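Biologist: Could you walk me through this one? I'd like to know what stands behind the terms you use.

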Amino acid sequence: MPHRLCIKNFMTRQPTSQKLEENNEALSRKLRANILKMIHAAGSGHPGGSLSCVEILMTLFGSVLHFDPKNPRWVDRDRVVLSKGHAVPALYAILAEYDYFPGDWLMSLRKLGSPLQGHPDVARLPAVEAATGSLGQGLSIAQGIAMACKLDKRDSRVFCIVGDGEIQEGQIWEAAMSAPKFKLDNLTVILDYNHGQIDGRSDEVMNLEPIVDKWKAFNWNVLEVDGHDCEALQRVLPTQVPGKPTFIVAHTIKGKGVSFMEGVIDWHGKAPNDEELAKALKELGQ
Amino acid sequence: MKATRDSFGEEVAQLGELNSNIVVLDADLSKSTKSAGFAKKFPERFFEMGIAEANMIGTAAGLALSGKIPFACSFGAFITGRYDQIRMSVSYNRANVKLIGTHAGVAIGEDGHSQMGLEDVGLLRALPNMSIFQPADHEEAKQIIRFVTKHHGPAYIRLTRQKMPQLYDENYSYQYGQWDVLHEGKDVALIATGELVHSCMAVNDLYKKDYSIINASTLKPIDTKLIERLSEHHKLIVTAEDHYVIGGLGSAVSECMAELGSKTPLRRIGVREFGESGTPGNLLKHFQLDAEGVHAQIQQFLR
């Protein structure tokens with residue numbers, strides 16, 4: 001029987017808040033190392049935007065979501081739609097951590113026949129909620145899921161992670177208009193605001209500011225948080241306001257955790273070579 | 001006489017009573033797509049998405065991924081114009097979304113080219129798991145709407161603005177992927193869809209011809225067995241559609257006959273240029289899609 005699983009009830013990771021912090025640090029390093037190892041093994045992928053959303057995913061899975069790895073399609077689960085599908089190595093890393101699939105699958109990323117496609121594919125990997133990767137589409141899908149939860153009177157919450165470059169897509173703003181209309185207070189969008197996209201800094205490619213004002217003007221409950229601070233994320237991510245969807249601006253650093261990748265646009269979409277991987281793993285203490 | 005968009009509106013409103021998972025989305029065209037009847041009857045399961053088709057399609061995909069059976073409605077031109085959303089959010093997600101595209105072809109009339117679905121079938125035919133339907137009358141439209149509700153997978157249903165004569169009664173039984181032979185004739189086989197089924201029937205009546213007439217109401221998958229049999233027993237195969245000849249029924253039959261290695265000649269009747277404003281009757285005549293035009297083209301092919 002599926003049951004509402006909360007990490008607090010079944011993981012031994014966090015008996016005290018102090019310990020939680022230490023363990024969070026250890027887990028984030030492990031996840032970052034796995035992300036880089038799998039992208040290195042694949043020979044291609046997107047390290048920058050994967051590394052920037054590690055704490056967001058960790059905190060969601062660690063203390064916010066209800067889910068059951070043994071039954072990934074459990075109807076009462078909370079959902080995470082990774083609309084910035086290119087960051088899927090981060091999602092795969094956390095799913096492997098929670099035993100959705102064996103850890104050795106990670107090294108099959110982007111290889112022929114692998115369930116771990118270069119961008120998420122729900123048909124091959126039921127642990128992900130939706131196929132994404134053509135940017136701007138995940139939020140509408142998340143909205144549809146949130147509507148279905150309301151129709152079915154389920155308590156499930158829907159979290160959608162979008163990239164900052166991604167919200168240049170017009171479809172995002174169509175959904176920005178519609179989710180408040182439908183009073184989707186079970187929908188939370190998390191913006192991984194890492195300020196980078198392929199062609200350069202997002203404020204230069206196509207300025208997004210004033211981002212908070214924009215979403216407020218669209219009638220969203222808007223919050224800001226340090227996207228690498230797990231304690232702050234733990235406080236902010238569960239926030240709900242009756243009758244309104246929530247938009248969380250998570251301030252992040254592209255390539256976070258690896259000194260030579262941090263804030264460097266070039267690491268948006270290239271794999272580390274052997275030497276770079278070794279250097280990164282050393283920094284991460286792995 | 002009834003427009004298949006009206007048949008859709010009636011049927012989906014009726015099915016809503018039997019299946020609570022059916023939801024309907026529209027993009028400010030519910031009075032034209034005829035989803036308004038469902039909206040009135042089941043307001044909690046109808047979502048007015050405003051003039052934002054991309055978001056409507058993505059939202060429908062999310063609803064489908066959560067077990068709903070969404071009908072997402074707009075004009076065929078507008079809904080298939082959001083191709084990437086259909087390609088990614090619906091098709092690749094294997095989402096059980098039913099796309100309703102009304103206002104097919106030049107026969108919509110005065111609104112002109114911008115509102116005419118003319119490349120909609122061609123666009124969606126390329127998607128691996130998309131089923132495509134175009135009913136030729138009221139009864140068939142109702143049966144196809146019932147069928148897609150039970151048939152899991154993405155579907156596009158191409159419907160007309162204009163009224164079309166009755167072809168079938170309740171004794172008809174729509175079969176997925178099997179085309180209905182309306183008349184078994186000789187020499188020329190006319191494979192038609194939608195409005196053109198009626199033009200082809202009128203050719204036999206008005207010009208005392210005995211052409212075989214086939215109603216191709218499933219545009220994907222096509223009826224390859226029937227095409228093979230027809231090409232063996234006829235001197236000429238003609239396809240007829242109110243859609244561009246590129247990408248639509250004509251293309252589908254051409255591809256099939258080429259792969260069969262058929263030696264029977266094939267000609268395609270359809271649209272080859274931009275549509276324009278005019279009355280539906282004048283446009284069908286102008287584009288040689290009425291009985292007179294179809295007859296003239298067949299005569300030319302036979303020469």
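Modeller: Sure, let's begin with a sheet in chain B: an open one of 7 strands, in the order S3-S2-S4-S5-S7-S6-S12, with mixed pairing. Strands here are DSSP runs of E with at least two residues, helices are runs of H or I with at least four, and both are numbered from the N terminus. One caution: this is a predicted model, where local features need pLDDT of at least 70, side-chain atom pairs count only at pLDDT 80 or more, and totals for chains, interfaces and linings use all residues. Residues are numbered from 1 along each chain as its sequence is written, with chains lettered from A and ligands numbered from 1 in the order in which they are written.

Biologist: What makes strand S3 (46-48) and strand S12 (218-220) of chain B edge strands?

Modeller: Two strands pair if DSSP finds at least two bridges between them. S3 and S12 of chain B each have a single partner strand, so one side of each has no neighbour in the sheet.

Biologist: And what makes strand S6 (residues 131-133) and strand S7 (residues 155-158) of chain B a pair?

Modeller: They share 3 bridges, in the parallel sense, and the rule asks for at least two, so they count as a pair. In one of those bridges, B:Phe133 has B:Ile157 in S7(B) as its partner.

Biologist: Which strands does helix H1 (residues 4-18) of chain B lie across?

Modeller: Strand S2 (22-26), strand S4 (69-75) and strand S5 (98-102) of chain B, at about 140 degrees to S2(B). Angles run from 0 to 180 degrees between N-to-C directions, with axes fitted to C-alpha atoms, for helices over the stretch in contact.

Biologist: How do you know where the domains of chain B begin and end?

Modeller: The bounds come from an automatic or database domain assignment, which gives domain 1 (2-164) and domain 2 (180-302). Their centres, over C-alpha atoms, are 25 Å apart. Domain 1 of chain B puts 27 residues into the contact and domain 2 puts in 29; "contact" is when C-beta atoms, placed from the backbone, lie within 7 Å.

Biologist: What is the other sheet of chain B, the one with 5 strands?

Modeller: That one is open too, ordered S9-S11-S10-S13-S14, with mixed pairing. Strand S9 (180-183) and strand S14 (266-271) of chain B are the edge strands, pairing on one side only. Strand S10 (residues 188-192) and strand S11 (residues 212-215) of chain B run parallel over 4 bridges, and B:Ala192 stands opposite B:Asn215 in S11(B). Helix H11 (residues 249-260) of chain B packs on this sheet, touching S10, strand S13 (236-244) and S14.

Biologist: Over to chain A: why is it called as compact as a globular protein of its length?

Modeller: The globule rule is 2.2 Å times the number of residues to the power 0.38, and the radius of gyration is taken over C-alpha atoms. For 286 residues the rule gives 19 Å, and chain A comes out at 18 Å, which is close, so the label fits.

Biologist: How many of its residues are buried?

Modeller: Buried residues make up 50% of the 286 in chain A. To count as buried, a residue needs 20 or more other C-beta atoms within 10 Å of its own, C-beta atoms being placed from the backbone.

Biologist: And where does chain A meet chain B?

Modeller: Helix H6 (138-151) and helix H7 (170-181) of chain A each supply at least two residues to that side. The contact takes 19 residues from chain A and 23 from chain B, and H6(A) gives the most to chain A's side, with 9 residues.

How values were computed:
Two residues are in contact if their C-beta atoms, placed from the backbone, lie within 7 Å. A residue is buried if 20 or more other C-beta atoms lie within 10 Å of its own, exposed if 12 or fewer, and partly exposed in between; C-beta atoms are placed from the backbone.
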